[in-house]
Amino acid sequence: MSKALETQRTYALVGTGGCGKTSLAEMLLYQAGVVGRLGKIEEGTTALDFEPEETKRRGSIQPSVATLQRNGSRHFLLDIPGDNNFIGDIGYLLSGVDAAVFVIDAVDGVRPLTRKLWQSVRAAGLPAAVFINKVDRDRADFDMAFSGLSAILGMRPVLLYMPIGQQANFKGLVDVLAGKALFFGADGKVTEGEIPADMADDVAALRETTIENIAEADETLMEKYLEEGELTPEEMALGLQKGVLSGDLVPVVAGAAMENKGGAQLLDTIDRLLPSPLQRAAWLDADGKERASSPDAPAACFVFKTLADPFAGQLSLIRVLSGTVSTESTLKNMTTGEPERLGSLLYLTGKTQTPCKDALGPGAVVAVAKLKGTRTGDTLCDEKNPFVLPKPTMPPQLITYALAPKEKGDEDKVFTAVHKLLDEDITLRLARDEETSDILLSGMGQLHIELSVEKAKRRYKTEILLKTPKVPYRETVRGKAQVQGRHKKQSGGRGQFGDCWIEMEGLPRGSGYVFEDAVVGGSIPRQYIPAVDKGVQEAAARGYLAGCPVVDFKVKLYDGSYHTVDSSEMAFKIAGSLAFKKAMELMKPTLLEPIVLLTVSVPDEYMGDVIGDLSSRRGKVLGSDSQVGITEIKAHVPMSEVLRYAPDLRSMTGGQGVFTMEFDHYEEAPPPVAEKVIADYRKERGEE
């Protein structure tokens, strides 16, 4: 098995939406003979974009796996979506691979989201190669795209295959280290030839720079290069691989995936330079304990994604971390503590499933059908040799929508349908609002929510309506008031009596709720005091101005009276509620609105437009930082003003802006905002 593992490669295609990752995957599958013709995204015929929502929008919304064989080497390829709506779980996906092939669009070059994705690859500690795609397109600028790798991303790129011409004149590639030209013929077939005379000087200079970069990655090679001024091909190959594995060097290949140009050269680069599972560093658990990526180590697997299959049901995508597994293996789920028999193992290429009868070692990526209690992020391992891979951190959800059924009374049906999506998409959050009974769905953006609901409707035949996202306003008070809450009811038989005096005062923002028992002399029996507290809290949760919870106040219960027969916990609970309402009438409550910290990354030319737009949304810009053509802007903005920010930013920046958003604090809402919220609430209740 070790010999097969030495040539095995497991890698992810990473890049922004529209850079051509799925087309690149299609080219690699075609080069390996897995598909007989090149599918096209525009026609919905690619192997890896097969969900109806993907073919409809012509872009990936979920990761896809492909398995291919080339020259006796097995490759496991993971195509990761490039839209900001669908990369919240990228930490999990990168835990399933040993390397990344970073895809850059030669037309757009390095975009703001490119930097975020590259940071994810670096954080995962993965070696990488770069494929600069679409060199054949109008407006392609290879030099601009290549220079952005170092200037913006901070890579140390090593150009191995440079283009001969570009746009309509893209004819071939120069193998820089070998010093020869490769000219494309029909269907991307290559013939060797002489380097064009007008490129010879540039190639010679580039080769010199490339050898220097390789030498600098190894002290021994550096000494030899300084002494002799040259390295042998074997030394260059060894030094280059060492630099790539350490992350110091990033090999670069140019091409045009839709024209089947550059695929063979990229596959050669992957085979020669990216790591086998035996070359990766040991896995670490939360305590720093190591588990070697070796077939001789105890078996362990990590579930990095869950997919829903219309026939097989739930499919768990697992990466073998160590040891060997087969259809006969039974492993312990370290989250649930329960055993799981692997049973049916499947090689995947998009939606095509091939039964796997092999024993699988480290680096293998396969689907396992019908595991009982296993979810994304779980580790399965040998019961006698426990190991748990830590779950990557997840970014916060950016937007929340309220869901409603088309037919009244189908709320549970809607909740159940959407809940079934949560196993396969861990970036979604589903909840019920206790205040309004709304079903709330949170995700990474408007498109994320819309497509998730579309998927739930298609799969589970449920009509779901998306309602305007609800803003979690709060109410608060200032000053101090002393009031009596008295509840007395007599209607034959035993009556109800509860009487309390409270002092209520506002507290600094973020203090929450404080209850103080200051009753002396037994004016209220001890068993009824918690009931007053509960009555206040329940009334505060219902709000006073606009049905929003009241926060940041203190209630001191200092006096009252009771009846030996008619007093009860319920009576004092009602008395506490009445006291709270009286205090609110006297204290002139105000509405608080949530403020988010918005971080926006845009090309420099859009900075002024974005800052102006944020100001129009009542935002306060905290500062900006510009680095090589990309500006990052931080601002405090009312949540109500950025509920639908994604499409606005997209149109403002030509699709190049990206943002993150997280709750920061509450501030008093301006009178016009507060008045509108209160009026809408009263209208909803039929009070106006």
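Which strands does helix H6 (residues 142-151) lie across? In this predicted model, helix H6 lies across E4, E5, strand E6 (157-164) and E10, and its direction makes about 175° with that of E6. That arrangement belongs to one of the two sheets described below, and the report takes each sheet in turn, together with the helices that touch it.

## The ten-stranded sheet

An open sheet is built from ten strands in the order E2-E3-E1-E4-E5-E10-E6-E7-E8-E9, and the pairing in this sheet is mixed. E2 and strand E9 (190-193) stand at the edges with a single partner strand each, so that one side of each has no neighbour in the sheet. From one strand to the next, the twist averages 25°.

Within this order, strand E5 (residues 128-133) and strand E10 (residues 250-254) pair in the parallel sense over three bridges. One residue pair that a reader can look for here is Ile132 with its bridge partner in E10, Ala254.

H2 also lies across strands of this sheet, namely strand E1 (9-14), E2, E3, strand E4 (99-105) and E5, and it runs at about 145° to E1. E4 and E5 appear again among the strands that H6 lies across.

Helix H2 (residues 21-31) also meets another helix, since its axis and that of helix H10 (residues 263-273) come within 9 Å and cross at roughly 85°. H2 and H10 are therefore roughly perpendicular to each other. On the H2 side the contact involves Leu24, Met27, Leu28 and Gln31, which meet Gly263, Ala264, Leu266 and Leu267 in H10. Sorted by class, these residues comprise six nonpolar and two polar ones, with no charged residues.

## The four-stranded sheet

A further open sheet has four strands in the order E26-E27-E29-E28, again with mixed pairing. Its edge strands are E26 and strand E28 (513-517), each of which pairs on one side only. The twist from one strand to the next averages 25° in this sheet.

Strand E26 (residues 480-489) and strand E27 (residues 496-506) run antiparallel and are joined by ten bridges. Along this pairing, Gln484 has Trp501 of E27 as its bridge partner, while Lys489 stands opposite Gln496 in E27. E27 also pairs with strand E29 (residues 553-561), in the antiparallel sense and over eight bridges, and here Gly506 stands opposite Phe553 in E29.

Two helices touch strands of this sheet. H13 lies across E27, E28 and E29 and runs at about 155° to E28, whereas H14 packs on the sheet by touching E26, E27 and E29, with a direction that makes about 35° with that of E27.

These helices also meet one another: the axes of helix H13 (residues 529-542) and helix H14 (residues 569-587) come within 7 Å and cross at roughly 45°. H13 and H14 are therefore oblique to each other, and their crossing is right-handed. H13 contributes Ala531, Val532, Lys534, Gly535, Val536, Glu538, Ala539, Ala540 and Arg542 to the contact, and H14 contributes Glu569, Phe572, Lys573, Gly576, Ser577 and Phe580. These contact residues divide into seven nonpolar, three polar and five charged.

## The two helix crossings in brief

| Helix pair | Axes come within | Crossing angle |
|---|---|---|
| H2 and H10 | 9 Å | roughly 85° |
| H13 and H14 | 7 Å | roughly 45° |

## Two loop residues with positive phi

Two residues in loops deserve a separate look for their backbone angles. Asn71 has a positive phi of about 50° although it is not a glycine, and it lies in the loop between strand E2 (64-70) and strand E3 (73-79). Is Asn71 buried or exposed? With a relative accessibility of 68%, Asn71 counts as exposed.

Asp552, which is likewise not a glycine, has a positive phi of about 60° and lies in the loop between H13 and E29. At 5% relative accessibility, Asp552 counts as buried, because a residue under 20% is placed in that class.

Methods. Residues numbered from 1 in each chain as written. Predicted model: local features only at pLDDT ≥ 70, side-chain atom pairs only at ≥ 80, totals over all residues. Heavy atoms only, no water. Axes fitted to C-alpha atoms, helices over the stretch in contact; angles between N-to-C directions. Parallel < 35°, antiparallel > 145°, perpendicular 65-115°, else oblique. Left-handed = near helix turned anticlockwise from the far one by under 90°. Contact = heavy atoms within 4.5 Å. Nonpolar A, V, L, I, M, F, W, Y, C, P; charged D, E, K, R; others polar. Pairing = 2+ DSSP bridges. Buried < 20%, exposed > 50% of the residue type's maximum accessible area, 1.4 Å probe, protein only.
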